[in-house]
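Q: Hi! Could you walk me through a few spots in this protein?

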Amino acid sequence: MKIKEIKVGKITVPLKKSFKTALRTVHSIEDIVVKVVTDTGHVAYGEAAPTAVITGDTNGSIRCAIEDYIAPQIIGLDIENMEEIMTRIDKSIIKNTSAKAAVDIAIYDLFGQLYNAPLYKLLGGYKKEIISDLTISVNEPSEMAEDSIDAVKRGYKTLKIKVGLDSKMDMERIKAIRDAVGYNIDLRLDANQGWKPKEAVMLLRKMEDKGFNIELVEQPVLASDLDGLKFVTDNVNIPILADESVFSPEDAVKIIQNRAADLINIKLMKTGGIHNALKICSVAEIYGVECMIGCMLESKLSVSAAAHLAASKKIITKIDLDGPGLCKEDPIIGGPEFNDYRIILNDDGGLGFKEIRNLSFSS
Ligand SMILES: C[C@H](N)C(=O)N[C@H](CCC(=O)O)C(=O)O
Ligand SMILES: [Mg+2]
């Protein structure tokens, strides 16, 4: 099964509601899609999210990286030779992790199709079903409380609350949400780099004193401020999870060895796909550091690949794969079933897609 053609297109999926974090506001998913065709007639797809404020990747840079740098390096290679394909993707261009992720996802799908096994089974086959949280965008406390009640009505047992715009208001946000949903729902916070280290410590200690019972806090301070991240980790009891501070396996080693965070968030758009995500899992296993699997604003296409990885690894204990749950519609036919919080992996080969709608390829 040899790679014959790689085409780059676009997928558009409207969101149920504008997605707001301390870093950005997004109204609709507009991601790059890659289509890989083999000499045997097999077809696979991958997706890349242009999260410029986190990865530096834009739709233009993703398209260019795939067409001009990555694709020419792997056309003609056999899917049986995963090691060579992955090395070439990695070395074709530095950074550009979202572009690499899209191609890596399509190649792993073909790998599963080649052996006619669902990808999660080839990667470890740990479980067939995983449970995701749902993200609540940062807004006025009353609106966030209403959104949280809606999420609980949809069956979500864990909510990921976006904070980090204003620490005083963040306290009010969490109080309003706790008052609205009670204490049987797990709350995890994501500040998306929005606080200063001392500010984070003061705020999180107050939340501890109030008994808000926060499961974990994601990326409280700037991605580059590892000393600040460690300061927060050392000075609060709530577990701290590194997100924007960890892209590569090398980043994970550094964070873990310096005990700068308690947990690590793996996202395919940061690692450059499954190949490097597996290396982070191995590092985390060695040190016994549990991981979250997360996503950017991605449709079911690339989130399905992350779900397969999550279902294959014991060290991934926290699931933030809510991209499809935030979308108004699902253009992906086949693959894992996303029933809001419940994700059931497919039994057919690879990622199991039958059809991808809302795609456009310019010739
Ligand atoms: C969508 C997911 N639950 C999430 O919150 N991801 C963000 C980044 C999303 C983005 O800006 O596209 C995160 O974990 O920081
Ligand atoms: Mg995050």
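Q: Leaving aside neighbours within four places in sequence, which residues is Ser299 in contact with?
A: Happy to help! This is a predicted model, where local features need pLDDT of at least 70 and side-chain atom pairs count only at pLDDT 80 or more. Residues are numbered from 1 along each chain as its sequence is written, and side-chain values use heavy atoms, with hydrogens and water left out. Ser299 is in contact (heavy atoms within 4.5 Å) with Ile11, Val13, Ile29, Asp31, Glu47, Pro324 and Ile332, leaving aside its neighbours within four places in sequence.

Q: Is Ser299 buried or exposed?
A: Ser299 is buried, at a relative accessible area of 0%. Buried means under 20%, exposed over 50% and partly exposed in between, using a 1.4 Å probe and protein chains only.

Q: Which side chain does Ser299 join in a polar contact?
A: The side chain of Glu47, at 2.7 Å. A polar contact is a pair of N or O atoms within 3.5 Å, one able to donate a hydrogen and the other to accept it; residues adjacent in sequence count only if both atoms are side-chain atoms.

Q: New topic: what is phi of Lys95?
A: Near 50°, a positive value in a residue other than glycine. Lys95 is exposed, with 63% relative accessibility.

Q: And what about phi of Asn192?
A: That one is near 45°, also positive in a residue other than glycine. Asn192 is buried, at 4% relative accessibility.

Key:
Chains lettered and ligands numbered in written order.
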